[in-house]
Amino acid sequence: MPYVSRSAGGAIDGLYEQLQEGVAEEFLPDDDPALGAFRNTSPEVFSVSARQFRLMLRRSGLLDQVKAWVAQQDGEIQDAFEYSGTFVKDSPTMMAGFAALGFTPQQIDGFFAAAAEL
């Protein structure tokens, strides 16, 4: 039976084995339906490795299009694309690139979730 924390909307957003004062003070039985639902959800992916990101671009047929977009950007963005070890989903550059490709927030989430599996 874990202690849980909840988001502002009331949904469970964390599990803890021990009481966390001011964070997770609610104790739920293991058979609680909300607890089961939380355990069965996939965690949100916030970043992927450069290898995962580039493989997903290639598999999606977007690598050449993204390289063309990057080539039109300033040197810092070009260096970030070329030399970053990690790609962070909500970084301003990432958001600008996905916007240029016409991606919706749901498509961005799907892209990162798929890349995380590679």
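Trainee: Where is the place of lysine 89, between which two elements?
Mentor: Keep in mind that this is a predicted model. One flanking element is β5, covering 86–88, and the other is α5, covering 92–100. Lysine 89 sits in the loop between β5 and α5.

Trainee: Is lysine 89 buried or exposed?
Mentor: Let's use the cut-off: a residue is buried when its relative accessible area is under 20%. Lysine 89 has a relative accessible area of 7%, so it counts as buried.

Trainee: Which backbone oxygen does the side chain of lysine 89 reach?
Mentor: Setting aside neighbours within four places in sequence, lysine 89 is in contact with several residues, including Glu44, Val45 and Phe46. At 3.1 Å, its side chain reaches the backbone oxygen of valine 45.

Trainee: Now to another residue. Is valine 4 buried or exposed?
Mentor: Valine 4 belongs to strand β1, residues 3–6. Residues up to four places away aside, valine 4 touches Ile12, Leu15 and Leu35, among others. Its relative accessibility is 3%, and because the limit is under 20%, valine 4 is buried.

Trainee: What is the order of the strands in the open sheet?
Mentor: The sheet has 3 strands with antiparallel pairing. Its edge strands, each pairing on one side only, are β2 (12–16) and β3 (26–27). The order is therefore β2-β1-β3.

Trainee: Which residue in β2 does serine 5 stand opposite?
Mentor: Nice one to look up in the structure! Strands β1 and β2 run antiparallel and are joined by 4 bridges. Across from serine 5, in β2, stands glycine 14.

Terms used
Residues are numbered from 1 along each chain as its sequence is written. This is a predicted model: local features need pLDDT of at least 70, side-chain atom pairs count only at pLDDT 80 or more; totals for chains, interfaces and linings use all residues. Side-chain values use heavy atoms; hydrogens and water are left out. Buried means under 20% relative accessible area, exposed over 50%, partly exposed in between (1.4 Å probe, protein chains only). Contact means heavy atoms within 4.5 Å. Two strands pair if DSSP finds at least two bridges between them. A polar contact is a pair of N or O atoms within 3.5 Å; within protein, one must be able to donate a hydrogen and the other to accept it, and residues adjacent in sequence count only if both atoms are side-chain atoms.
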